[in-house]
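Please take a moment with the sequence and the model below before reading on. The paragraphs after them go from the overall fold to individual residues.

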Amino acid sequence: MVAVAVITMTLTAYTDCDPGMRCDGIMASGLTTFDDAVACGPTWPFGTVFFVPSMGRSFVCLDRGSAIGDDHLDLWMQHRSLALEFGVQQ
């Protein structure tokens with residue numbers, strides 16, 4: 001059985017070399033960053049899939065971040081300019 005819930009979350013974006021990052025692309029799950037990977041809060045197990053209707057895409061929780069709470073997803077992006085342009089969304 002698949003559990004489905006509708007929740008409102010804050011969306012931001014990050015890159016491998018943001019300030020404080022190691023620039024190695026290794027996520028907390030041990031996998032290397034890739035499109036559709038997100039950092040999520042500690043309540044969400046790695047592998048949790050989030051569908052973002054406004055983007056028409058699904059993302060997989062495979063990373064963590066010290067500033068990422070359970071109502072926040074931080075989407076990985078390859079280029080810092082794209083992450084900054086994405087900004088903060090709901």
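What follows is a walk through the chain as a whole, then an aromatic pair, and then one residue and its surroundings.

The model is a predicted one, and its secondary structure consists of one helix and five strands. Read along the sequence, these elements follow the pattern β-β-β-β-β-α, with the helix placed after the strands.

As for overall dimensions, the C-alpha trace spans about 35 × 25 × 20 Å along its principal axes. A compact globule of 90 residues would be expected to have a radius of gyration near 12 Å, and because the protein has 12 Å, its value agrees with that expectation. Contacts tell us how the chain is brought together: among those with a separation of 6 or more, 60% are accounted for by residues 24 or more positions apart.

Turning to the surface, 34% of the 90 residues count as buried, while the protein exposes about 5600 Å², of which carbon and sulfur atoms supply 59%. The charged side chains comprise 4 positive and 10 negative ones, and the centres of these two sets lie 3 Å apart.

The structure holds one aromatic pair. Its partners are Trp 44 and Phe 50, arranged edge-to-face, with 5.1 Å centre to centre and 80° between the planes; the angle is over 60 degrees, and therefore the pair counts as edge-to-face rather than tilted or stacked. The partners fall into separate accessibility classes: Trp 44, at 24% relative accessibility, counts as partly exposed, whereas Phe 50, at 7%, counts as buried. The cut-off that matters here is 20%, because buried means under 20% relative accessible area.

The last stop is Ala 39, which is found in strand 2, the stretch of residues 37-40. Is Ala 39 buried or exposed? Ala 39 counts as buried, because its relative accessibility is 1%. Which residues does Ala 39 touch, once those up to four places away in sequence are not counted? Its contacts are Tyr 14, which precedes Ala 39 in the numbering, together with Asp 63, Arg 64, Gly 65, Ile 68, His 72, Leu 73 and Asp 74, which come after Ala 39. Another residue to compare in the model is Thr 12, which lies 27 residues from Ala 39 along the chain, while the C-alpha atoms of Ala 39 and Thr 12 are separated by 9.7 Å.

Notes
Residues numbered from 1 in each chain as written. Predicted model: local features only at pLDDT ≥ 70, side-chain atom pairs only at ≥ 80, totals over all residues. Heavy atoms only, no water. Helix = DSSP H or I, 4+ residues; strand = E, 2+ residues; numbered from the N terminus. Rg over C-alpha atoms; globule rule 2.2 N^0.38 Å. Buried < 20%, exposed > 50% of the residue type's maximum accessible area, 1.4 Å probe, protein only. Contact = heavy atoms within 4.5 Å. Areas by Shrake-Rupley, 256 points an atom, 1.4 Å probe, with all protein chains shown as cover. Lys, Arg positive; Asp, Glu negative; His and termini not counted. Charge placed at Lys NZ, Arg CZ, Asp CG, Glu CD. Phe/Tyr/Trp six-rings, centres within 6.5 Å; stacked < 30°, edge-to-face > 60°.
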